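Here are my notes on the model you sent over, jotted down point by point. Have the viewer open while you read.

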Amino acid sequence: MRVTNQMMTNNFRLHINRQATEMLTQQQRIASQKRVNKPSDDPDAMARILEHRSRLERIDQYDQHIERGKTRIEFTEQVLGQVSDLVNRARQIAEEKKGSNVSASERQTAAEEVKSIYDQVMQLANTRYENNYIFAGHQTDTAPFERNPPAGYDIQYNGDMGDYRMIVGENTEVALDADGSLYFHDSVNGGIDIFNELRDLIDGLENPNLAAGSTQIEATIDPLFDGREQVNLKRAELGPKIYQLDVTQQHWNTFKPKIEDALAKEENADITEAILILQSLEISYESTLATAARILEPGLLKFLQ
Amino acid sequence: MPQLNALLNIGANSLLLQQKSITVTGNNIANVNTPGYTRQRLAIETATPVQGLDGPVGYGARARNVERVYDKFIGVQINHENAGLGRWEAQKNSLERAEFTFNETEGYGLNQAFSQMWNAWNDLSLKPSGMTERVVLVTQSQFLADTFRTNYQDLKNVQDEIDAAVQSAVDEINRLTTEIADLNVKIIARETPGNDASAYRDRRELATKELANLIEINSFEDSEGRVMISSANGRVLVQAGDSFDLSTQINAQNHLDVYWSDSTGATNISTQINSGKLKGWLEARDTDIEGYKQQLDDLALTLMQEVNIAHGGGFGLDDSTGRDFFSGSGAADIKVHDDIVADVTRVAAADSLAGVPGDNGNAIEIANLQHKLAMSGNSATFDDSVNSLISTVGHDVRRAEIYQRQQISTMEYVENYRESISGVSLDEEMINLVKYQTAYDAAAKLITTAGEMLDTLLGLVR
């Protein structure tokens, strides 16, 4: 086969181009630290990379939700704890002052204390977290409990039965009871209406008729005891919720590094490998150039005199 | 005496012959780097012998013709492969442009935009009465809509660029076919049997090769030396001295179609072009990129539908219901509804009127659309659909790259074969130069010898 000058120059040009292109690709990998710099570098890997990224975003989001949920629960727990103590104190007062030997003025002093307890419980029931009333069901913009009429001690519940739902996983939710009446005002479902009991206690303490008052007072002791239990029970219910959130968070925490690893494996360039490849490409490039110089130069012309 | 005369004639003829050979060699040397040049050779044969007293006597050599060293089958093969190369190159370049529009590797593309929007719905679900959350949600949703529109518009821009390339290719094709027809006439006029109009043929071959790169052709040289060229299922582009022009017209999709005209009118040949750059461009524009646009449209429409249905069933902070969240007819004009942008309290996070403001049921429902198998006949999520679109683009580019590289290799092989037959090797020509110069010297010596013999003879008479 004849070999002509254009053949040789064309061939060298093609080889040099090819090698230069490969070197460029490797350099790009090293500079960006990524193996996949455009979808066509590895289309299947690209799809997986995007999937991993989406998943990591979701996991971060779920983690946030869980953190906020846990904080809200802990907060709720604290509030209920204080309510429990207050209700207990009220019951103690009822125990102490139920006797017929207690004077009217003593009872009046006690009544003032119970009124103060009433207001504190109401304040606690109207707690806000992240600017929302947590015991108002879905009516999070309105204070759930108020005295109506304001002068008296009849309580009015302005909230509803809504609960607080949190997304903690794919199509997975955790719901918290936010219906204040279930906690403090539950005469409908056979529970204890704490506010009413406190009101009755106040009435009893303020009753000018000491004997009738004693009966009233005594009538509140057991309910107040049960009311405290009710609150504590609601507190206890929070336990499993926290546990569920913890477990879910744990799950995401173990899952996340695995996804991050998988993403890194698909996406990141192995710098050492890339540099080694680049070096060997440089060597072959130089060889091609050297060969070109040696072959293209000599010709018969040089030797003809 | 006749012998001596003959000797002088032989010597003189030889001198001229070697000189001619050197001229041909010189032409080859000068054209060593001319693209498409076919080397020439002086075909030498022995002259007709003369009848002498003792039988036929040789009468030296003479030139038969200047040969063009050429394999006509290789030309056809080169054109075929060049068409393939043009096609994949054009397709690859267009698809790479399309690939750039999906800015996914940097993380600023659709994948990221979707994630951020879903996150915003999630955040809203945690605090359905929040104003900040609503503002962020609207912002992220606008960003997603912007990304859709930008990607769609960029793809349209690539299609428009292709249109410009198609127009310019059609113009070039017409120029080339005119040139080839012109050369057909010149070649017929110039040639005599056995003497090729080599330079014209070279130019015609080059023009045909360039033409094949743009649009696949079938060429046929008749016995007179004229080349007939046809394309796209037998439409004649060049016949003898006539060329038939291609033209373009705008089609229903607002892009250019390629038309071929003859006496009966103009025919749309766009779908019948099988190779060449035109094919690469048209396929990229009408099949591949149009397909990407279609998928973007599907995504945008389904997203709008799903979100709007869910949103319409929910209640905003302002107690309103039945509102659309997105407005638009597809990826080209999707945006967050003006009413929502104007007043973010209209974002419907609550499931029921009574549930406002703490009810986050609707926000949860919309956030969960992320996992809904809403795409591809209820078998893929939005994220899946985006990812598969990007992957498809990557695969298409990859495929075009691989075919292009293959074609480059094939072209290299075929061109080398042509070169080995028709190309000029300087070393070879140098050898020829030495060869013919030596023969020239020898012929000169012959004449000198004949002259000396004549002198001797004349000296006898004196």
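1. Chain B first. This is a predicted model, and in it chain B carries 10 helices and 15 strands. Buried residues account for 42% of its 462 residues. If you look at contacts in chain B between residues at least 6 apart in sequence, 68% of them join residues at least 24 apart.

2. Now the overall dimensions. The C-alpha trace of chain B spans about 145 × 50 × 35 Å along its principal axes. Its radius of gyration is 38 Å, whereas a compact globule of 462 residues would come in near 23 Å. For one pair to put on screen, take B:S231 and B:R62: they sit 169 residues apart along the chain, and their C-alpha atoms are separated by 44 Å.

3. Staying with B:S231: is this serine buried or exposed? B:S231 counts as buried because 30 C-beta neighbours fall inside 10 Å, and the cut-off for that label is 20 or more. The residue belongs to strand β6 of chain B, which covers residues 227–231. Setting aside neighbours within four places in sequence, B:S231 is in contact with B:I215, B:E216, B:I217 and B:L237.

4. Next, the small sheet in chain B. Three strands make an open sheet in the order β9-β10-β11, with antiparallel pairing. Its edge strands are β9 (246–250) and β11 (265–268) of chain B, each of which pairs on one side only. From one strand to the next, the twist averages 40°. As a reminder, strands of a sheet pair through backbone hydrogen bonds, either parallel or antiparallel.

5. The β9–β10 part deserves a zoom. β9(B) and β10(B) form a hairpin with five residues between them, and B:N254 in the turn has a positive phi of about 70°. How many bridges join β9(B) to β10(B)? There are five, with the two strands running antiparallel and β10(B) spanning residues 256–262. For the register, B:L246 stands opposite B:W260 in β10(B), and B:S247 has B:Y259 as its bridge partner there. Helix α4(B) packs on this sheet, where it touches β9 and β10 of chain B, and its direction makes about 155° with that of β9(B).

6. On to the nonpolar core. The largest one has 135 residues, and the members that touch the most others are A:A90, A:V114, A:L198, B:W121 and B:L278. Helix α4 (residues 131–190) of chain B gives the largest share of this core, 17 residues. B:W121 is a handy place to centre the view: not counting residues up to four places away in sequence, B:W121 touches B:L137, B:A363, B:I366 and B:A367. In soluble globular proteins, nonpolar side chains tend to be buried together.

7. Last, the A/B interface. Here 46 residues of chain A are in contact with 48 residues of chain B. On the chain A side, the elements giving two or more residues are α1 (5–32), α2 (43–97), β5 (163–169) and α8 (300–303) of chain A. Which of them gives the largest share of that side? That would be α2(A), with 12 residues. By class, the side of chain A that touches chain B has 16 nonpolar, 17 polar and 13 charged residues. One caveat on wording: the size of an interface is often given as the accessible area lost when the parts come together, whereas the figures here are residues in contact.

Note on methods. Residues numbered from 1 in each chain as written. Chains lettered and ligands numbered in written order. Predicted model: local features only at pLDDT ≥ 70, side-chain atom pairs only at ≥ 80, totals over all residues. Core = buried A, V, L, I, M, F, W, Y, C linked by C-beta atoms within 7 Å. Buried ≥ 20, exposed ≤ 12 C-beta atoms within 10 Å, placed from the backbone. Helix = DSSP H or I, 4+ residues; strand = E, 2+ residues; numbered from the N terminus. Contact = placed C-beta atoms within 7 Å. Nonpolar A, V, L, I, M, F, W, Y, C, P; charged D, E, K, R; others polar. Pairing = 2+ DSSP bridges. Axes fitted to C-alpha atoms, helices over the stretch in contact; angles between N-to-C directions. Rg over C-alpha atoms; globule rule 2.2 N^0.38 Å.
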